[in-house]
Amino acid sequence: MSNILIALGGNAILQPGQKGTYEEQLQNISISCGKLVKLYMSGYRMAITHGNGPQVGNLLIQNQRANDILPMQPLYSCVAQTQGQIGFMIQSVLENQFRLKGLEVHAPVILTRVLVDAVDPAFSKSTKPIGPFFDEEYAKEKITQGETWMQDSNRGWRKVVPSPRPVKILELDIIRQTLDQNGITIAVGGGGIPVISKGEQVVGVEAVIDKDLAGSLLARELEVDAFVILTDVAHAKINYGQPNEVDLTHITIEEAESYLAAGQFGVGSMAPKVQAAVEFVRYTGKRAIITSLEGIEAAIKGEIGTIITNSPRYDVTPKS
């Protein structure tokens, strides 16, 4: 069997234009899990990570709106809450879909803390977009209140928060054990709950860890055969939205880094995905894939998607 790590993008949970009701998210997850069940039955064991940006953003809005009657919750607590909620939904749907096929497959959810450096330079500059998109007028009003906002990929304005690099996944041994035992594990949701060392203690910190960089770290530590990042497009692109737009198919890490340096990828969208893929490939010598949920099976076979490797030649044959 082949071990892979699948990083579910936000559209696998919440589609653009949706309100974000529990029922909407559950329906989206049901579609996503249908693909994952097929992969499992084809011989792939998988660690699953997921985004939580829209959910954290919405929870922060709820906190702000109810602040006159309920105390605000810290950002890391919101990350933990959404990690548990989304993990529960993925777990429930996966196990139910397996039961419909007559299989008793457990999909454990590991509430995961990720250690970051307390003196990471990211704490002095907010860069990570979270939450839904808003118009410029709303964003500028929030800026006057002391928040940091940025325009993200020409789709609107989003709040940004500190995003330190992941250093260590504290629940790694448990994640590895559940993957070995069950063939599926759900962990490091939303990049993990950010924590720092404070003396002899480990405590939460106000930040959001990029989910793809955290997924890349987990993929390296688990020594998976492929790191698959799912997003809302079939390929990463250069000259995005322009007449000379090009789909990237198979590229090397050197090519990927040159495109990153040239600013070809959106800071709050594709750039961290490509960076995470490059780090995985450089460390392991294996392949990373960026593609859409719809094309995941074909992408793992090497037929579509953006495949990033050390060299132009690669082998997509699963391990026996």
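This tour visits a three-stranded sheet, the helices packed on it, and two nonpolar cores of a predicted model.

Residues are numbered from 1 along each chain as its sequence is written, and side-chain values use heavy atoms, leaving out hydrogens and water. Local features need pLDDT of at least 70 and side-chain atom pairs count only at pLDDT 80 or more, while totals for chains, interfaces and linings use all residues.

**The sheet**

Select β5, β7 and β6, an open antiparallel sheet in that order (strands are DSSP runs of E, at least two residues, and helices of H or I, at least four, numbered from the N terminus; two strands pair if DSSP finds at least two bridges between them). β5 (128-134) and β6 (149-151) each have a single partner strand, so one side of each lacks a neighbour in the sheet. Between successive strands the twist averages 35°. Next, show β7 (residues 157-161), which pairs with β6 over 3 bridges; Trp149 stands opposite Lys159 of β7.

**The helices**

Add α2 (residues 53-65), which touches β5 and β7 and makes about 70° with β5 (contact means heavy atoms within 4.5 Å; axes are lines fitted to C-alpha atoms, for helices over the stretch in contact, with angles from 0 to 180 degrees between N-to-C directions). Then select α4 (residues 136-144), which lies across β5, β6 and β7 at about 155° to β6.

**The cores**

Move to Phe227, Phe265, Val274 and Ile308, the residues with the most contacts inside the largest nonpolar core, of 43 residues (buried Ala, Val, Leu, Ile, Met, Phe, Trp, Tyr and Cys joined through side-chain atoms within 4.5 Å; buried means under 20% relative accessible area, with a 1.4 Å probe and protein chains only). α8 gives the most to this core, 8 residues. Finally, select Tyr40, Ala107, Ile289 and Ile307, which are among the 33 residues of a second, separate core.

Definitions and conventions
Buried < 20%, exposed > 50% of the residue type's maximum accessible area, 1.4 Å probe, protein only.
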